[in-house]
Amino acid sequence: MSVQKSLTPTFVPGALPHGTGALPRLWSGKAWAFLGAAALVLLVVVPVCNLLVPKDSVFHVSDYTVTLIGKIMCYAIVALAMDLIWGYTGILSLGHGLFFALGGYAMGMYLMRSIGRDGVYKSDLPDFMVFLDWKTYPWYWSFTDNFWYCALLVVLVPGVLAFVFGFFAFRSRIKGVYFSIITQALTYAFMLLFFRNDTGFGGNNGFTDFKRILGFPIAAPETRVAMFMVTGAALLGFLCLGRAIVQSKLGRVLTAIRDAETRVMFSGYNPVYFKLFIWTLSAVICGVAGALYVPQVGIINPSEMSPANSIEIAIWTAVGGRGTLIGPVIGAAAVNLGKSWFTQALPEYWLFALGLLFILVTLYLPRGIAGLWIKKRS
Amino acid sequence: MVRDLAFGDSEVRSKAIGALVTSADPAVVSLLQAMIEGEVQTAGDRQVLIVRDDKAVDAATGQAVDPLPETREDVVVNNRMRRELATAIASFKLSSPDRAVRLAAARELQNNADEDALPAIAAALAKESDPEIKGLLTLTHASVQLGSTDRATRLAAVRALAQSDTGATKTLLLGVLAKKDGKFVETDDEIRVEAERSLSAVEGRLLKGDIAARVFSGISLGTILLLAALGLAITYGLMGVINMAHGELIMVGAYATYVVQNLFRQYLPGAFDWYLLFAIPMAFLVSGLVGVVLERTVIRHLYGRPLETLLATWGLSLILIQAMRTIFGAQNVQVENPVWMSGGVEIMTNVVLPWSRIIIVAFAGGVLLLVWGLLTRTRLGLFVRAVTQNRQMASALGVRTPKIDMLAFGLGSGIAGLAGCALSQIGNVGPDLGQSYIVDSFMVVVLGGVGQLAGTVYAALGLGIANKFLEAWQGAVLAKIAVLVFIIIFIQKRPQGLFALKGRQVEA
């Protein structure tokens with residue numbers, strides 16, 4: 001197998017200029033302009049068109065559209081995280097849905113606490129705990145009524161889990177499909193765990209029926225638009241962060257690990273820590289995306305952790321184009337818009353379309369949509 | 001006698017019931033039944049009538065009485081009588097030639113027998129040959145004796161219970177040892193000591209039976225995992241690609257079995273019991289063919305890109321699932337067991353091994369033997385092993401590796417089809433069938449390592465048995481999680497699995 005790998009044509013997306021000691025600028029002028037335009041649309045145009053433009057105007061953006069775009073932006077952040085670990089470092093994770101869901105659950109705990117006594121049973125405890133006849137919160141629910149503590153959990157829980165798991169996996173040099181398979185087993189195990197009622201996270205139904213966030217009613221248009229803007233800002237921020245990483249020396253080592261890990265080792269680098277860093281960061285970004293996703297969609301349940309969901313994340317990234325950062329964002333948007341359209345118009349055929357997408361992209365479009373564009377330019 | 005029953009006081013009535021039971025006249029049952037239901041009335045001071053829907057029958061003669069006498073009195077049946085009547089009816093029924101009737105009667109007795117029924121139960125026990133009924137009766141006999149006021153009877157009962165090996169016996173003996181308000185229910189020390197001894201004997205046997213049952217269900221699960229993982233181990237070992245559509249190939253095999261079953265039902269109903277013999281090769285061929293097509297059209301073009309293969313085969317699996325939904329519907333389909341696979345053998349009381357599971361264990365053994373023979377005794381097997389160990393060298397020595405890839409992939413897929421055929425006999429057949437086995441079969445391959453069948457076999461059986469024992473201890477979900485966590489930790493230590501081919505490789 002080792003020899004086969006070296007026979008593979010390796011492509012170097014986002015190749016950096018060689019020979020110059022200095023690192024290139026973060027973005028080119030054109031890219032800055034594009035980012036500025038995106039920021040304008042997400043942070044000004046959409047909110048204004050949703051809140052201030054009257055409903056019967058052609059420029060009105062409906063609540064449905066706001067929620068849909070908000071949701072897709074969360075997915076785009078996940079795809080971005082996936083690109084850092086898969087596209088740049090060559091590690092295919094089939095467990096990123098887990099980190100996304102864990103971030104979502106951490107935020108969900110806060111949202112459940114802030115329902116207060118407005119639940120069906122008018123109890124201090126969430127309805128599902130009343131249903132289980134629990135009298136007090138289990139220990140791991142302590143302090144979750146504090147928003148900032150939960151925000152910390154959003155980062156810490158996926159981060160620590162990824163760090164510990166990654167430390168052991170990378171140290172034992174588990175790589176390639178083996179790594180993919182055990183990440184899949186990991187998310188599968190967590191899914192089973194969260195499906196249990198006794199785990200204390202609502203079992204099958206997960207968390208839903210949220211009422212308010214930070215004191216604001218969660219269904220109010222203003223709250224929705226605020227969450228939309230936060231998500232948009234997060235997406236653009238993570239895009240810049242990702243770009244800064246892949247442009248740095250660190251990013252170059254990561255790309256080198258992807259293309260020839262053995263050679264990196266022989267050059268005196270220890271790949272373990274580089275991989276561990278990007279893996280943990282990627283998990284944390286996923287957690288944040290999950291936390292942004294839950295209040296907008298209004299539900300989190302263990303099916304987010306199903307292996308199928310995590311594999312779908314990989315296809316968003318592949319469709320957009322690995323190793324391009326902007327590609328996965330486009331890919332996540334394209335696939336999910338397609339999904340929204342199909343599940344309404346031709347629900348029978350969505351799996352056919354998704355399956356074909358997996359096959360065709362891997363066979364004929366290994367560099368994704370972004371690859372097409374790069375090819376056209378060169 | 002009938003008149004005693006209707007007119008006498010309760011002592012006389014009891015005796016009358018006892019006498020009637022021994023008379024072996026079928027009419028007695030209906031009379032006793034009528035008494036329980038309150039349908040027996042007296043007219044004057046001689047006539048006993050069974051009145052039902054305003055029609056009366058003379059209980060003594062069986063003649064219809066028409067017209068109904070004007071003055072009638074209900075025969076009052078108190079609770080004690082009612083119990084005695086029920087017992088009497090049950091013990092009467094115990095001598096019925098119909099097994100179902102006897103079984104129902106034994107169950108009835110278990111709930112409300114008293115000491116009066118002991119002789120009847122003992123008599124029935126002597127004649128009874130059916131193990132289930134016999135077990136019930138023995139238990140009832142002992143539990144009635146335990147309630148006796150006679151110390152010797154109780155002691156004998158406790159001793160007799162030591163021979164039994166059912167869970168109910170344990171409950172009975174625990175009852176003897178129970179405490180109420182700080183005092184023992186059973187005041188006699190010797191009986192309690194005996195009960196302790198009997199209890200430990202029974203518990204020992206129950207535990208043995210329990211362990212035997214768990215080992216068997218573990219082996220049964222293990223062989224299913226083995227069947228599911230065997231094909232995967234071949235394709236993964238050979239080509240280093242993870243075939244995510246493997247589970248769906250299992251599903252295709254199960255649907256092939258379903259189609260064969262339907263064809264037999266429609267065209268050869270006489271030979272329906274033997275449809276499986278035809279379904280086995282069909283499942284192998286259909287899944288194998290699908291596998292070959294997948295290899296030629298998709299996987300072939302992705303060699304050397306294992307991660308992409310993983311994604312592409314996942315796409316294939318989605319398409320196969322949706323295709324089955326479109327063709328056969330989203331609901332599960334019914335696959336019937338042939339008659340010779342239903343039922344089971346009882347190796348101990350409470351431990352019944354279903355034939356379907358036993359046959360699948362044997363079937364998996366047969367498949368394993370065939371695959372082993374194919375890999376070690378044939379030219380194709382030699383080539384497959386050569387390509388698995390060193391593709392370049394094999395190719396350089398003239399092995400046509402693309403052809404070997406195709407055939408081996410077809411073989412692996414065909415084995416998946418066989419797994420599907422076996423699964424259709426014990427579980428539901430639906431489009432999602434494969435999804436539930438895919439993670440498990442990967443775990444088997446990861447644990448067992450590739451390139452050697454032995455690893456797969458040990459890993460499958462080990463996982464199966466471990467899973468069943470953990471399940472008894474912590475429940476099914478936690479057991480599964482524990483196994484997954486164990487595997488994740490395990491491959492930290494041995495990333496190549498239990499049995500790895502040794503070779504000089506920087507990276508594998």
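**Close-up 1. What covers helix H20 of chain B.** In this predicted model, the buried residues of H20(B) are covered by elements that include helix H6 (147-171) and helix H7 (176-195) of chain A, along with helix H18 (435-448) and helix H19 (453-474) of chain B. So this view has both chains in it, with pieces of chain A and chain B on the list of covering elements. The buried residues themselves are B:Ala479, B:Ile481, B:Val483, B:Leu484, B:Ile487, B:Ile488, B:Phe490, B:Ile491 and B:Gln492. As for the helix, H20(B) takes in residues 476-493, 18 residues in total. From first C-alpha to last it reaches 26 Å, close to the 26 Å expected at 1.5 Å a residue.

**Close-up 2. B:Ala476, a residue of H20 in chain B.** Look for B:Ala476 in helix H20 of chain B. Its relative accessible area is 46%, so B:Ala476 goes down as partly exposed. For a sense of distance, take B:Ala152: the two residues are 324 apart in sequence, and their C-alpha atoms are 46 Å apart in space.

**Close-up 3. H14 against H17 in chain B.** Helix H14 (residues 355-377) of chain B packs with helix H17 (residues 401-424) of chain B at an angle of about 170°, and the axes are 11 Å apart. That angle makes H14(B) roughly antiparallel to H17(B). On the H14(B) side, the residues to pick out are B:Ile360, B:Phe363, B:Val367, B:Val371 and B:Leu374. Facing them from H17(B) are B:Leu411, B:Ile415, B:Leu418 and B:Ala422. Sort this contact by class and you get nine nonpolar residues, no polar ones and no charged ones.

**Close-up 4. B:Ala364, tucked into H14 of chain B.** B:Ala364 sits in helix H14 of chain B. With a relative accessible area of 2%, B:Ala364 is buried, since the cut-off is under 20%. Leaving out residues up to four places away in sequence, B:Ala364 touches B:Thr223 and B:Leu227. Another residue to mark here is B:Ile224: it is 140 residues from B:Ala364 in sequence, yet the C-alpha to C-alpha distance is 7.6 Å.

**Close-up 5. H11 meets H14 in chain A.** Over to chain A, where the axes of helix H11 (residues 307-320) and helix H14 (residues 368-377) come within 3 Å and cross at roughly 5°. That makes H11(A) roughly parallel to H14(A). A:Ala318, A:Val319 and A:Gly320 are the H11(A) residues in this contact, and they meet A:Gly368, A:Ile369 and A:Ala370 of H14(A). The class tally is four nonpolar, two polar and no charged residues.

**Close-up 6. Helix H13 of chain A and its packing partners.** H13(A) covers residues 350-364, and its 15 residues should span 21 Å at 1.5 Å a residue; the end C-alpha atoms are 20 Å apart, which agrees. Buried in this helix are A:Trp350, A:Leu351, A:Leu354, A:Gly355, A:Phe358, A:Ile359, A:Val361, A:Thr362 and A:Leu363. Those residues pack against H11 and helix H12 (326-345) of chain A, plus helix H12 (275-297) and helix H13 (306-328) of chain B.

**Close-up 7. Two positive phi angles in the loops of chain A.** A:Asp209 isn't a glycine, but its phi is positive, about 60°. The residue is found in the loop between strand E1 (207-208) and strand E2 (212-213) of chain A. At 52% relative accessibility, A:Asp209 counts as exposed. Further along, A:Leu214 lies in the loop between E2 and strand E3 (216-217) of chain A. A:Leu214 is another non-glycine with a positive phi, near 50°. Its 47% relative accessibility puts A:Leu214 in the partly exposed class.

**Close-up 8. A:Thr223 in H8 of chain A.** A:Thr223 belongs to helix H8 (residues 221-247) of chain A. At 10% relative accessibility, A:Thr223 counts as buried. Setting aside residues up to four places away in sequence, A:Thr223 touches A:Ile213, A:Phe216, A:Pro217 and A:Ile218.

**Close-up 9. Confidence along chain A.** Chain A has a mean pLDDT of 88, with 94% of its residues at 70 or more. Among the elements of chain A, helix H10 (residues 271-297) has the highest mean pLDDT, 96, and helix H1 (residues 2-7) the lowest, 39. Over residues 1-20 of chain A the pLDDT is below 50, and this stretch has 24 contacts in the model beyond near neighbours in sequence. Where pLDDT is low, predicted coordinates shouldn't be read in detail.

Conventions
Residues are numbered from 1 along each chain as its sequence is written. Chains are lettered from A and ligands numbered from 1 in the order in which they are written. This is a predicted model: local features need pLDDT of at least 70, side-chain atom pairs count only at pLDDT 80 or more; totals for chains, interfaces and linings use all residues. Side-chain values use heavy atoms; hydrogens and water are left out. Helices (H or I, at least four residues) and strands (E, at least two) are DSSP runs, numbered from the N terminus. Buried means under 20% relative accessible area, exposed over 50%, partly exposed in between (1.4 Å probe, protein chains only). pLDDT is the predictor's confidence in each residue, from 0 to 100. Contact means heavy atoms within 4.5 Å. The expected span of a helix is 1.5 Å times one less than its number of residues. Axes are lines fitted to C-alpha atoms, for helices over the stretch in contact, and angles run from 0 to 180 degrees between N-to-C directions. Angles under 35 degrees count as roughly parallel, over 145 as roughly antiparallel, 65 to 115 as roughly perpendicular and the rest as oblique. Ala, Val, Leu, Ile, Met, Phe, Trp, Tyr, Cys and Pro count as nonpolar, Asp, Glu, Lys and Arg as charged, and the others, Gly among them, as polar.
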